[in-house]
Amino acid sequence: MQFNATKRSVQGSSASRRLRHAGRVPAIVYGGAEAPLNIELDHNEIFHALRKEQFHASVLDMLVEGQKQSVLLRSVQWHPYKQLVLHVDFQRVDAKKIIHTKVPLHFINADISPAVKLTAAVVTHVLTELEIECLPANLPQFIEVDLAATVAGDAIHLADIKLPVGVKHLSHGGDENPLIASVNVPAAKKGDDAQDAGAEAPSA
């Protein structure tokens, strides 16, 4: 994805407030051999870009005065109660250096799984994203978790899914195989099934 930015010469809280009143968003780009660069963004453009999942999990093309730089979105500061972007941080990307970032998980085919179709089980998403490392060219926009073969009682761990080529999971606390999702029949449903079974049992 591509977005536009302009170099920002004036800094400070009062200057940032003036920018926001003018429909602009202060931001910064850091990392690499170059010094941090203060920039400003069009609020409407960045607001709509931030609503797209791809903007959060892709190497982005930032255009600054005709020059293109590859960056990753690192953090966003939002207004406490208004739909306003207050500040954005980006990190420069070197095509030859490994990056650390998070990518979303996409859970697919739950509706056709035996767990849901036969037992009305509920899939609980324990994780919604994975922290990974890879070269920029190998960065996936998302990682799929296929639930088509799941049955009630299943637990899906990292080892049960296939990571894209060149992508490595970053574990924290020594958990190399974290739980990603669980498939369980709700307690209320179990109770209803038990009552139905009792009602159908022949009397002595």
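Thr150 lies in the loop that runs between strand E10 (143-146) and strand E11 (155-157), in what is a predicted model. With a relative accessibility of 6%, Thr150 counts as buried, because a residue is called buried when its relative accessible area is under 20%. The side chain of Thr150 reaches the backbone oxygen of Leu147 at 2.7 Å. Once the neighbours within four places in sequence are left aside, the residues in contact with Thr150 are Ser113, Pro114, Ala115, Ile156 and Val183. Of these contacts, Ile156 belongs to the range given for strand E11 (155-157), while Pro114 and Ala115 belong to the range given for helix H4 (114-119).

Helix H4 also serves as a reference point for two loop residues with positive phi. Asn109 is found in the loop between strand E7 (99-108) and H4 (114-119), and Ala120 is found in the loop between H4 and strand E8 (122-125). Asn109 has a phi near 65 degrees, a positive value in a residue other than glycine, and the phi of Ala120, likewise a residue other than glycine, is positive and near 55 degrees. Asn109 has a relative accessible area of 30% and is therefore partly exposed, since this class covers values from 20% to 50%. Ala120, with a relative accessible area of 39%, is partly exposed as well.

The table sets out these two residues.

| Residue | Loop | Phi | Relative accessible area |
|---|---|---|---|
| Asn109 | between E7 (99-108) and H4 (114-119) | near 65 degrees | 30% |
| Ala120 | between H4 and E8 (122-125) | near 55 degrees | 39% |

A further part of the model concerns strands E4, E5 and E6. Strand E4 (residues 60-64) pairs with strand E5 (residues 67-78) in the antiparallel sense, over 5 bridges, and within this pairing Leu60 stands opposite Val71 in E5. The hairpin of E4 and E5 has 2 residues between the strands, and in this hairpin Glu65 takes a positive phi near 50 degrees.

Strand E5 also pairs with strand E6 (residues 85-92), again in the antiparallel sense, here over 7 bridges. In this second pairing Gln77 stands opposite His87 in E6, and the hairpin that joins E5 to E6 does so through 6 residues. Strand E5 is thus a partner both of E4 and of E6.

Conventions. Residues are numbered from 1 along each chain as its sequence is written. This is a predicted model: local features need pLDDT of at least 70, side-chain atom pairs count only at pLDDT 80 or more; totals for chains, interfaces and linings use all residues. Side-chain values use heavy atoms; hydrogens and water are left out. Two strands pair if DSSP finds at least two bridges between them. Helices (H or I, at least four residues) and strands (E, at least two) are DSSP runs, numbered from the N terminus. Buried means under 20% relative accessible area, exposed over 50%, partly exposed in between (1.4 Å probe, protein chains only). A polar contact is a pair of N or O atoms within 3.5 Å; within protein, one must be able to donate a hydrogen and the other to accept it, and residues adjacent in sequence count only if both atoms are side-chain atoms. Contact means heavy atoms within 4.5 Å.
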